[in-house]
Amino acid sequence: METQTERMNILAADGALDRAINERIDVLLEKRLEAKLAEIKAAKTPSMTIIATKGTLDWAYPPFILASTAAALGWDVSIFFTFYGLELLKKDLRKLKVSPLGNPAMPMKMPMGPAWFKSIRWNIPNVVQSVIPAYEAFATKMMKKTIKKTGVADIGELRSLCIEAGVNLVACQMTVDLFGYKHEEFIPEVKEFCGAATFLPMAKDADVSLFI
Amino acid sequence: MNFDKELDARGLSCPLPILKTKKALKDMASGQVLKVTSTDKGSIKDMQAFASQTGNPLLSSAEQAETYVFFLKKK
């Protein structure tokens, strides 16, 4: 009888000891883990991947602005250009256009003249815009004038700054085939022509991933 | 405040003041001070964020007649 009681006492003591050990390990682990995670986070270079799908002058800005700024912050950046986004990789960027036709959010304002004239928002009906010859070219010219006047960067300049900062420019080969482009039409800084299977693993490891 | 290099980013819009600041800092030695002047209203917040993200301390930031003056120390 006595030996049995003794054994039970030992077991009970063991259980308490186990619990105490477990609790202590939990506390220590949590502290260690927090410190380790903070260390890993501090050592990691932030990264961003962008899918650029638009090829008009206005939509050319967001990917290049975000990419160049992220690169300036010291991030690793890749942009995957697909569909109309491939226009942004062409050697000649002068063909990028912007049109208020079918875009009711775009304010049409004149970049020249007195302040009251510049502040007028020209609401020209789509049906009229569509029949005016070279309306798109005119709207683009006005937009470019405004861009210059307000000190906004030229798209070519922003793209050069991205390249200089080491932004990785990747082109979608499927779109090249679909639209019948030739690789020579694009700037030589486009290092890779690839597909979704190449982009997705890059996006998986990125801290920020955007679709533009 | 004394500075070693000056960058005039007046008349430039986002993100050019930040990109030019980054470029200017690149050629500087650790501990040197860069003075940046800008007219971009967004640059007040942006310069703070740039400094904290890149670890180059922003020593001061002031506004004088719609011109913003920043002093950054190269880390």
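Select chain B of this predicted model and display the contacts between residues at least 6 apart in sequence: 62% of them join residues that are at least 24 apart. To follow such pairs on screen, colour chain B from one terminus to the other and look for places where two distant colours meet.

Next, switch to a cartoon of chain B, in which you will find 2 helices together with 4 strands. Starting at the N terminus and tracing the chain onward, you pass through these elements in the order β-α-β-α-β-β.

Now reduce chain B to its C-alpha atoms, which fill a box of roughly 30 × 25 × 20 Å when the box is taken along the principal axes. The radius of gyration of chain B is 11 Å, and because a compact globule of 75 residues would have a value near 11 Å, the two agree. If you then colour the chain by burial, 28% of its 75 residues count as buried.

Finally, bring chain A into view and select the contact between the two chains, to which chain B gives 11 residues and chain A gives 11 residues. On the side of chain B that touches chain A, the elements that supply two or more residues are helix H1 (16–26) and helix H2 (43–54) of chain B. Centre the view on H1(B), since this is a good place to begin: the largest share of that side, 4 residues, comes from H1(B). Colouring the side of chain B that touches chain A by residue class then shows 6 nonpolar, 4 polar and 1 charged residues.

Technical notes
Residues numbered from 1 in each chain as written. Chains lettered and ligands numbered in written order. Predicted model: local features only at pLDDT ≥ 70, side-chain atom pairs only at ≥ 80, totals over all residues. Rg over C-alpha atoms; globule rule 2.2 N^0.38 Å. Buried ≥ 20, exposed ≤ 12 C-beta atoms within 10 Å, placed from the backbone. Contact = placed C-beta atoms within 7 Å. Nonpolar A, V, L, I, M, F, W, Y, C, P; charged D, E, K, R; others polar.
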